[in-house]
Amino acid sequence: MDAAEESPIHGDILEAILSHVPLIHLVPVCHVSNSWKRAVSSSLAHLRPIKPWLIVLTQNPRASHVTKLHGYDPRSHVWLEIKNYTCPHSSPVRSSHSSLLYTLTPAEFAFSLDALHLHWNHAPSPRVWRTDPIVARVGSRVVVAGGACEFEDDPLAVEIYDVESCAWETCPSMPELLKDSTASSWLSVAVTGEVMHLTEKHSGLTYSFDTVTKKWEGPFDLRPDESVFHCVTGTLGERLMVAGLVGGFGNVRSVKLWEVPGGLGSGMVEVGEMPKEMLWKVMGGLELGSVEVTWIGDFVYLRNTSVAEELVVCEVVNGVGCEWRSVRNVAVKHGARMVMCGGDVCMEDLQRAVMSGTGTFCVKHM
């Protein structure tokens, strides 16, 4: 074929083609030429934007250093195993807030904040020894609240670690009404701006802690109505949300999402309801606290710890409509612990991981 007859792919056609390419495969495409790099950026900006990932870490309960890391890319509907990942800890990895992983021992508090959770920060352990605290990222701070051991004087103790100054600060304790439910298994945590909200999952009793003024406010009631027997709070963007199980134990009739559009105590607006055909995928063998909810971007991921192979995903579109789907969880490994959190992944995160060698990505399922 003559050179004049060759018609290189460019412009709108190239951008349309790239919109169907999984995000991870766009990393090498960016290095083809400057025009292709611009086409990738334009395609992601105008045709098929990047969506936040779900990050799943599995850990051998008998050998904590044996871990695997997977990511689910909802834009591409692709699961990837992130290879070359090594967990530098010999203690269980946990998550009580949708954007953070951590480990806690008497000697060290380690936490991961980056989108792919490939890098870990190391700090001295909090002054109060805890077994199951609430741990949440609030701006450049990490709040550790409650969950103290029985021999500690204050089970409601709150401490803040400042990532920039690398120092701990003791704060006012949690309100007394939460003294019987200070562990992360009983409390749900959500963050809006500089404020952390703690909600008792059964009652909806909620208190808010301002990390700037160091003041608690409440109580507020975030139980949407009396038919909700279990609620979990989170944020979509900066909007405070509630996911609620309607009915009762052994008789879950529906799962609904509500938004708290104004200040706490100003009421809630129902956003969506899980389709009936998906309900059993999260509700089978329900036990208290066995339904886990991960909030990231405009996505809500729900899973039942007793039905690990299935996830139900809800994407809130334009703040009002819900698109539900079921996703097979390819990260499941028999006998392994599973921890989930969100990752606001961008192209720079993937390029940095690939170029540095800290992450090698293998497509597991499309």
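**Exercise 1. Find how many disulfides the structure holds, and work out why Cys231 is in none.**

Solution. The structure holds zero disulfides, a disulfide being a pair of cysteine sulfur atoms within 2.5 Å. Start with Cys231: the closest cysteine sulfur, in Cys314, is 17 Å from its own sulfur, so the two are too far apart for a bond. Next, take Cys314, which is in no disulfide either; the sulfur of Cys322 is the nearest to it, 3.7 Å away. Finally, check burial (buried means under 20% relative accessible area with a 1.4 Å probe, protein chains only). Cys231 counts as buried at 1% relative accessibility, and Cys314 is buried at 0%.

A word on the model before we go on: it is predicted, so local features need pLDDT of at least 70, side-chain atom pairs count only at pLDDT 80 or more, and totals for chains, interfaces and linings use all residues. Residues are numbered from 1 along each chain as its sequence is written, and side-chain values use heavy atoms, with hydrogens and water left out.

**Exercise 2. Describe strand E16 and its pairing with E17.**

Solution. Strands here are DSSP runs of at least two residues, numbered from the N terminus. E16 covers residues 228–236, and nine of its nine residues are buried. Now look at its partner: E16 and E17 (residues 239–248) run antiparallel and are joined by eight bridges, where pairing takes at least two DSSP bridges. Within this pair, Val232 stands opposite Ala243 in E17. To finish, follow the chain round the turn: the two strands form a hairpin with two residues between them, and Gly237 in the turn has a positive phi of about 70°.

**Exercise 3. Characterise the two pockets to which E16 contributes lining residues.**

Solution. A pocket is an open set of points on a 1 Å grid over the protein atoms alone, where a 1.4 Å probe fits, with protein on both sides within 12 Å along at least five of seven lines; lining residues have an atom within 4 Å of a point.

- The largest pocket holds about 650 Å³ of space, the volume being that filled by probe spheres set on the points. Of its 28 lining residues, Ser95, Ser96, Ser184, Lys201 and Glu292 are closest to the centre. E20 gives the largest share, five residues.
- The second largest pocket holds about 460 Å³. Among its 24 lining residues, those nearest the centre are His97, Ser99, Thr235, Gly237 and Ile296. Here E12 gives the most, with three residues.

Key
Helix = DSSP H or I, 4+ residues; strand = E, 2+ residues; numbered from the N terminus. Buried < 20%, exposed > 50% of the residue type's maximum accessible area, 1.4 Å probe, protein only.
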